[in-house]
Each structure stands twice: as structure tokens, then as C-alpha cells.
Amino acid sequence: MSGTDLPARASRLRGARALFTTRDGGVSGAPYASLNLARHVGDDEGAVAANRERLRAAIGVDVVYVDQVHSADVAVVGEGDEPDGGSVRTADALVTRRGDIALAIMVADCLPVLLVDAEAGVVGAAHAGRAGLLGGVLENTVAAMQALGADVERVRAEIGPSVCGSCYEVPAAMRADAERTLPGIGATTRRGTPSLDLRAGAVLALTGAGLRAGHVLSDAPCTVEDERFYSYRREQRTGRLAGVIRRA
Ligand SMILES: [Zn+2]
């Protein structure tokens, strides 16, 4: 398979080249089969390297990854920053003006959020799970893009494959705490138990940061329900998909 044939969910973001990977198109064996992009999950290092090379070929430039820790911290990728290898940083979001690299965020149920202001030539990618979302990772990402020249009125965002509000069951006390921090994030599972709707929370966070409601896409498949994607909730030991974005 040539790199450009990598099976992926194409992003509908205008003004950027972006995609969300699926399980398909890689070389990892079970339980990581097959396009696992994460090093920290117990998969074979060589397989992960081969999978990352396929993603690099598909997106056409080197891909920057970060060591994600459910923080609200944003890394600015500037001139001279190495895309990978020795200079991997700890952060849960990335922003850049560079056109010669792509930004990647890895997830298995958490939200991969891709952002772009095409006119300013600024792109961003954020890892928004419960902790990051409540900690302000999306607001911080938008602010970091503004610092690079983005106009929040123009910024468009897409929330990729991730757990839906009907599947993300949490204890009642956790839902209550989250609802106090981000009103509107609380939800209910199909069984009627407490849950969080991280996507609804992300939309609220992004519009609260100034994005136009019509500029936020949030209709991706649920990773728990759709077996084309990795899901930590469904499988525990599993790989990670990536949301990847570069300037158009
Ligand atoms: Zn679901």
C-alpha cells in the first residue's frame, strides 16, 4: 500500500489538510492491530515506527507528536523544532504556523480536536479528555493560536472520533463536579446512568472561547460503538488513533 492510500476519515475542515486515522492500514498485531500510533501502550516499537512512517507519507510532511498527560498545556512548534525523536515534549495540544510539518494528537475515546485559521496560516491540535477539557485545554489552544496571529472569528474546529455522551458513564459525583465546572457537559447513558458528553462540553468550551457555533464540527462516529476505531473503554489494552492537521 502506498502511504497516500492510508484508510482514514477525511476531515471536513476547510483551509487545512487534516484526517483522523482508523485501526486500518498498519502493521501492528493484536490487540493493537493495525495502525497503532502510540509508543506507550505496549506495542512493538518497530511496528509503531512503521505505522508512523505510513502516516507521514499520507500527510506528506513530518509529523509532530507530544507526550500527552491529560494536562491543559499547549506546545508551540516553532522554526527549528525537531518533529519527533529526541525532542518530544510533554503537552496536550500543539499549535504552529509552520507549513512543513503536521501536528498529531493520539486518542482512544478522548476527543481529538483539530483547528485552523486558514487566512492567518495557523493550525492547532488538542487532546481533550475529561481532565483536559475541564482544565481548559481547548481555551488554551485557541489562545495560543491567537498569539500566533489567528482571529477567533475565523477559527474552524473539528472534533474527531471519540466516546459519545450515551457511552461515557461516570459516577454521579463526577458528573456533578464536571457540570459545576462546565455547565452542559453532564449527560445520561442509554441505560439512564450518569455520563459526560465530552463533545457537548468541547463545543461549549470552543464557543465560549469565541468560535462561531457554525465553525465547530462535532458529528464524528463514537469510538466505543464503532469498531473501526480504537476504544479504551471497549478494550482497555489497545492502540491509539490520531487526529492530524497541517496547513493547506
Ligand atoms: Zn457511544
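**Exercise 1. Find which residue just after α1 takes a positive phi, then check the helix itself.**

Step 1. Go to the residue that follows α1: G60 has a positive phi of about 90 degrees. Helices here are DSSP runs of H or I with at least four residues, strands are runs of E with at least two, and both are numbered from the N terminus. This is a predicted model, where local features need pLDDT of at least 70, side-chain atom pairs count only at pLDDT 80 or more, and totals for chains, interfaces and linings use all residues. Residues are numbered from 1 along each chain as its sequence is written, and side-chain values use heavy atoms, with hydrogens and water left out.

Step 2. Now the length. The expected span is 1.5 Å times one less than the number of residues, so the 15 residues of α1 (45-59) should cover 21 Å, and the end C-alpha atoms are indeed 21 Å apart.

Step 3. List the buried residues (under 20% relative accessible area, with exposed over 50% and partly exposed in between, 1.4 Å probe, protein chains only). In α1 they are A47, V48, N51, R52, L55, A58 and I59. Looking down the axis, these fall within an arc of 135 degrees (taken from the directions from the axis to the C-beta atoms), so they line one face of the helix.

**Exercise 2. Work out how β7 (111-117) sits among its neighbours.**

Step 1. Check burial: seven of the seven residues of β7 are buried, so the strand is largely enclosed by the rest of the structure.

Step 2. Sort the directions. L111, V113, L115 and D117 point one way, while P112, L114 and V116 point the other way.

Step 3. Look for partners (strands pair if DSSP finds at least two bridges between them). Seven bridges join β7 to β8, and the two run antiparallel; L114 has A125 as its bridge partner in β8. With β9, the pairing is also antiparallel, over four bridges, and V113 stands opposite I159.

Step 4. Inspect the turn: β7 and β8 form a hairpin with four residues between them, and G121 there has a positive phi of about 70 degrees.

**Exercise 3. Which residues does P83 touch, and is P83 buried or exposed?**

Step 1. Locate P83 in the loop between β4 and β5.

Step 2. Read its relative accessible area: at 17%, P83 is buried.

Step 3. Collect contacts (heavy atoms within 4.5 Å). Not counting residues up to four places away in sequence, P83 touches D62, V63, V64 and Y65.
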